[in-house]
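Trainee: I have the sequence and the model open side by side, and I would like to look closely at one single part before moving outwards. Could you take me through one loop carefully, and then connect it to the rest of the chain?

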Amino acid sequence: MMGIKITYCRTGINCRIWQLVMGICMSFFIPASADAQHTTSLATYAGDDCAVTIDNPSLSLNADSTEVALEMLFHLGGAALPKGEAVSITPMLCTETDTLRFPAVELYGKWAYYHASRHQSPTHSSLQFAEQVAHTPLPYQQVAGYQPWMSHASLYVTVTRTDECDNVTAENTFCAIEPTVSYQNRKIAGTHDDNTRQLSGTAYIAFPVNSTTVREDFANNQQELATLCATIDSVMSSPRIQVRRIFIKGFASPEGSYANNERLARERTANVCQYMAAQCGISPMLLSTEYEPEDWQGVRDYVSQSNLADRKALLAIIDSNLQPDARLAEISKNHPASYQHLLKEVFPRLRHTDYLVDYTLRTVTQTDDQLLTDTIRHTNMSVRERPVVPVECNIPSFRPWLAVKTNLLYDLAAAPNIELEFFGGKDQKYSLMAEYTAPWWRWNKLNFSYQIQVVGMELRRWFRPRCANRRPALCGHFVGLYAAGARYDFEKSKVGDQADVVSLGLTYGYAWPIAPHWNIEASVSAGYVSGIRDHYHAEFESTHLIYKYTKNLSYFGPTKLKISVVYLLSRGPWKFKKGGAR
């Protein structure tokens with residue numbers, strides 16, 4: 001089968017060098033045939049043998065040229081995707097000035113798939129269980145309105161891998177279909193001189209503390225972002241200017257730990273870049289980024305020109321070989337007044353984004369007529385005779401509200417039991433469980449009695465992991481407070497005990513997802529048991545009981561051990577709102 005193999009990795013080590021090498025390798029031409037396809041194998045990252053394969057990518061137009069359709073097959077090969085991770089595959093039609101993003105394909109690991117099934121509503125994306133795609137190729141079909149620029153567009157595919165905290169661990173863009181190139185000669189009355197120029201500036205885009213999301217409603221962001229887009233648009237909209245590259249570099253201020261500032265600078269720069277691509281209409285192919293965790297040069301420039309009394313001492317610390325965190329601690333400890341001044345007046349201005357636009361300005365000089373060869377690019381598109389039905393989400397999404405379970409250990413001990421657990425709250429962090437156990441066995445001829453009735457309630461608090469974005473609900477660690485009442489009658493060889501007891505205690509447990517609607521749960525409880533025990537002898541085939549003595553029961557220690565199988569029920573299509581079901 002012919003296709004394009006796309007690989008992804010756990011870490012972003014040498015990603016830029018890797019992308020450059022792959023960009024050179026992907027420089028090829030599509031044959032003139034309408035059914036042209038390519039086969040390209042790209043080496044996987046060292047230490048990772050997972051790969052996404054794209055087979056048979058094709059673009060087609062309907063009969064009246066109003067819609068363009070993209071069709072291909074996806075296949076996941078190599079090692080299984082880790083439970084909490086996901087791979088997003090986004091096809092794009094791009095030219096230097098225009099971009100169309102098709103809906104993404106999301107391939108989920110086991111736990112991420114269960115999370116999607118228990119939380120998400122179907123979206124425009126195609127959500128798939130990675131293990132299923134590993135065995136059966138996934139067809140991809142999407143339709144978009146046709147525009148003239150698409151006739152010379154390239155098809156790129158961006159593959160993004162995220163961990164269970166939704167952190168991007170790898171992101172690479174590949175060219176799947178490149179336009180065919182042809183040449184045409186024409187005469188012109190002049191020569192064009194291309195002058196390479198640059199436009200640079202700084203945007204002070206503010207972020208909430210420890211946040212990396214670009215918010216237009218925060219601080220003075222609306223004006224800063226509008227100025228940034230307007231500046232770049234003024235260059236890109238000129239017919240005499242060809243933009244070659246837009247370089248974005250983000251900075252963070254020195255307060256806080258260097259490791260956290262590095263994360264903030266990286267993610268904020270990436271989000272500003274994404275904002276510009278979406279809101280300013282910039283092709284992602286023109287954007288490149290860099291970041292600097294802490295702008296110490298900005299601190300030095302300010303201090304060197306300031307009138308601070310301890311200016312020389314501050315410059316000595318700044319210019320020292322101390323690590324960034326140690327340098328900041330030295331200033332805070334020995335120069336507290338200046339540190340507070342820097343913290344309030346200077347550091348906020350160091351959280352900025354610099355941009356640099358490389359462009360070519362074309363000027364015309366009158367000369368004799370000359371022959372000019374134009375390069376013409378056109379994308380091969382077949383005529384589509386059949387309708388394309390876009391692939392939709394195939395994960396049956398639901399929101400659990402009730403769990404029905406049974407303790408397998410009690411069942412093995414011939415003690416039938418059932419538990420009902422009700423979940424509440426937006427994040428389903430709390431639940432209320434009711435349990436009933438009733439082995440009510442008696443064999444008169446054997447003088448044997450095994451009778452228990454237990455009724456209990458338990459309030460639980462669920463603790464999802466710190467990074468719970470890819471963890472399914474109602475799984476992980478939990479603690480509970482239970483209260484129970486029980487009555488039992490144990491008899492063997494006409495000697496037995498009866499008792500009525502109550503118990504109060506604590507529970508700790510853990511639940512594992514094994515399917516979208518199924519969990520396995522293990523728990524242990526400890527608490528205090530109190531009651532009255534009656535000791536008896538049975539006569540006349542156990543029809544008469546002679547009570548010998550009565551004792552008070554008092555016990556503190558382990559009380560319950562459970563390994564339960566759990567089935568989760570959902571509300572189905574009903575939506576409960578104020579005023580009743582609708």
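Mentor: Let us begin with S65, which in this predicted model is partly exposed, with a relative accessible area of 38%; it earns that description because the value falls between the 20% below which a residue counts as buried and the 50% above which it counts as exposed. You will find S65 in the loop between β2 and β3, and its backbone deserves a second look, since S65 has a positive phi of about 55° although it is not a glycine. Most residues other than glycine have a negative phi.

A useful partner for this residue is S493, which also shows a positive phi of about 55° without being a glycine. S493 sits in the loop that joins β23 (476–492) to β24 (495–515), and with a relative accessible area of 54% it is exposed, because its value is over 50%.

Now follow the strands on either side of the S65 loop inwards. The largest nonpolar core has 29 residues, and F74, I89 and L93 are the ones that touch the most other members. Among the elements that give two or more residues to this core are β2 (51–61) and β3 (67–77), together with β4 (86–94), β6 (105–108), β8 (138–145), β9 (154–162) and β10 (168–177). The greatest contribution comes from β3, with five residues. There is also a second, separate core of 25 residues, which includes I205, L228, Y275 and V357.

One member of that second core, L228, leads us to helix α4, where L228 is buried along with N221, E224, L225, C229, I232 and V235. Seen down the axis of α4, these buried residues fall within an arc of 125°, so they line one face of the helix. On the other side of α4, by contrast, Q222 and Q223 are exposed. You can also check the length of this helix: at 1.5 Å a residue, the 16 residues of α4 (residues 221–236) should span 22 Å, and its end C-alpha atoms are indeed 22 Å apart, which agrees.

Helix α7 (residues 311–318) can be read in a similar way, for its buried residues are L314, L315, I317 and I318. Viewed down the axis of α7, they fall within an arc of 160°, so they too line one face of the helix. The elements they pack against are α6 (296–304), α8 (324–334) and α9 (336–346).

Another member of the second core, I205, is also one of the residues that line the largest cavity, whose lining further includes F207, G250, F251, R268, T269, V272, R351, H352 and T353. The structure holds one cavity of 30 Å³ or more, and about 60 Å³ of space lies in the largest cavity. At least two lining residues come from each of β13 (241–251) and α5 (258–279), and α5 gives the most, with three residues.

Finally, look at T360, which lies in strand β15 (residues 353–365). T360 has a relative accessible area of 3%, so it counts as buried, being under 20%. Although T360 and V243 are 117 residues apart along the chain, their C-alpha atoms are separated by 6.4 Å, and that pair is a good one to trace on your screen.

Notes: Residues numbered from 1 in each chain as written. Predicted model: local features only at pLDDT ≥ 70, side-chain atom pairs only at ≥ 80, totals over all residues. Heavy atoms only, no water. Helix = DSSP H or I, 4+ residues; strand = E, 2+ residues; numbered from the N terminus. Buried < 20%, exposed > 50% of the residue type's maximum accessible area, 1.4 Å probe, protein only. Expected span 1.5 Å × (residues − 1). Arc of directions from axis to C-beta. Core = buried A, V, L, I, M, F, W, Y, C linked by side-chain atoms within 4.5 Å. Contact = heavy atoms within 4.5 Å. 1 Å grid on protein atoms, 1.4 Å probe; cavity = no way out; pocket = protein on both sides within 12 Å on 5 of 7 lines; lining within 4 Å. Points joined across faces, edges and corners; volume = space filled by probe spheres on them.
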